[in-house]
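This briefing goes through one structure by topic. It covers charged pairs, aromatic pairs, one helix start and the confidence of the model.

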Amino acid sequence: MGIAAVGCGWRFAGLCALLAVASPAAASDDTDPGPFAGFYSYLPAAPDLKLPEISIPFWTDDLKKAKRAYRSGNYERAVKLFQSESEDGNIVADWYLGNMYRQGLGVPRNDAMAYSYYSRVAETYDPDEDDHNRLRIAVDAMVRLADYKRTGAVNAGLQPDPHAAAEVYLRIATTYGHPAAQYALGVMNIRGEGMKKNPQQGLKWLMAAARKRYAPAEAFLGELYWDGKIVRPDRTRAMMWYILARESARPEENPEIFDRALQFESNIAEDERIEAEARAKVWDDEYPVDRKRQASND
């Protein structure tokens, strides 16, 4: 399935046009918020957003079974169950399938299929959506689509367009505070990717994502302090950020963070490691990882 055959849909296309102008103890399956427990928490668009009133439940029995299979690593069974629900138009299943095709979990990695499923979710975006969960899942899908737009996916027929991706990231970061969008803007500002280089602005975006304990942002900050080109070199602070990133990350999604943290540990002195752990503890006390989110994914 090629990208050209998928498309974004008229509603998401309309959002893209708007962007061009406007430059949260494991729960039971009955109350489990589903994939939202796996999202990194971010703020709603408005502080007075109504609590969702779900009249038609979209977390069905098959979806519960699919999530249990996914959580236990039985990805092939999870894919079959999610596909069945997707055929019934369930956007939670669509998001999971996009995630699984993007990472190659239970299926061969396929960027075109991932893009297709994320597009189906993004098409449900409505800024006036009263259902907080539906809004969050649609916003997250738009970030994933922007990721593809930023880097491109040659095997899916999608050419990179970092400038257009930056417009999407900026809108989502400023409106919803999504940490993945903040992280992307941080990296792009530092590299001058799709925009003029602005390292100081990039650091601000990275810190905003790190305060929400977004592991890639923490790891990137660790690299910056280790390299010492954008900020003053500080091996202790670099190790601090990787300790935090390792705590925030999930091994199945970011194995490179764990490998890199081990490399850092083998290249610093014992007193530097002890100080890094103390600094990480101070940061963690102020900006703790969402333990409920972690527990729901174990």
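**Salt bridges within helices**

R279 is partly exposed, its relative accessible area being 24%. This is a predicted model. The side chain of R279 meets that of E275 in a salt bridge, 2.8 Å from N to O. E275 is likewise partly exposed, with a relative accessible area of 36%.

- R279 and E275 are 4 residues apart in helix α14, so about one helical turn separates them.
- An α-helix has 3.6 residues a turn, so residues three or four places apart point the same way.
- Helix α3 holds a second pair of this kind: K64 and D61 are 3 residues apart there and are separated by about one helical turn.
- K64 and D61 form a salt bridge whose closest N and O atoms are 3.9 Å apart; the cut-off for a salt bridge is 4 Å.
- The two partners differ in exposure: K64 is buried, with a relative accessible area of 13%, whereas D61 is exposed, at 53%.

**Salt bridges across the chain**

- The whole structure contains 19 salt bridges.
- Side chains of opposite charge can pair when their charged atoms come close.
- One of the salt bridges joins R260 and E223, with the closest N and O atoms 2.6 Å apart.
- R260 belongs to helix α13 (residues 255-265) and E223 to helix α11 (residues 215-227), so this pair ties together parts that lie 37 residues apart in sequence.
- R260 is partly exposed at 25% relative accessibility, and E223 is partly exposed at 25% as well.
- R213, E218, E247 and D284 are joined into one network by salt bridges that share partners.

**Helix α3 and what follows**

- Helix α3 spans residues 61-71, and its buried residues are L63, K64, A66, K67, A69 and Y70.
- Two lysines, K64 and K67, are on that buried list.
- After α3 comes G73, which has a positive phi near 90 degrees.

**Aromatic pairs**

- The structure has 13 aromatic pairs, taking ring centres within 6.5 Å as the cut-off.
- Y70 and Y75 make up one of these pairs, with 5.4 Å between centres and 70 degrees between the planes.
- The Y70 and Y75 pair is edge-to-face, because planes over 60 degrees apart count as such.
- Y70 is buried, with a relative accessible area of 14%.
- Y70 and Y75 also belong to one aromatic cluster, together with F82, W95 and Y96.
- W241 and W283 form another edge-to-face pair, 5.0 Å centre to centre and with 70 degrees between the planes.
- The tryptophan pair links distant parts of the chain, 42 residues apart: W241 lies in helix α12 (residues 235-248) and W283 in helix α14 (residues 270-286).
- Both tryptophans are buried, W241 with a relative accessibility of 3% and W283 with a relative accessible area of 14%.
- Helix α14 therefore takes part in the W241 and W283 pair as well as in the bridge between R279 and E275.
- R237 lies over the face of Y225, at 5.7 Å from the ring centre.

**D111 in helix α6**

- D111 is part of helix α6, which covers residues 111-122.
- Is D111 buried or exposed? D111 is buried, with a relative accessible area of 8%, because the limit for buried is under 20%.
- The side chain of D111 makes a polar contact of 3.5 Å with that of R109.
- Beyond neighbours within four places in sequence, D111 is in contact with Y148, A153, N155 and A156.

**Confidence**

- The protein chain has a mean pLDDT of 83, and 77% of its residues reach 70 or more.
- For residues 43-57 the pLDDT is below 50, and this stretch has 16 contacts in the model beyond near neighbours in sequence.
- Residues 294-298 also have a pLDDT below 50, with 14 contacts in the model beyond near neighbours in sequence.
- Where pLDDT is low, the predicted coordinates should not be read in detail.

Definitions and conventions:
Residues numbered from 1 in each chain as written. Predicted model: local features only at pLDDT ≥ 70, side-chain atom pairs only at ≥ 80, totals over all residues. Heavy atoms only, no water. Phe/Tyr/Trp six-rings, centres within 6.5 Å; stacked < 30°, edge-to-face > 60°. Buried < 20%, exposed > 50% of the residue type's maximum accessible area, 1.4 Å probe, protein only. Lys NZ or Arg CZ within 6 Å of the ring centre and 35° of its normal. pLDDT = per-residue confidence, 0-100. Contact = heavy atoms within 4.5 Å. Polar contact = N/O pair within 3.5 Å; in protein donor to acceptor, adjacent residues only side chain to side chain.
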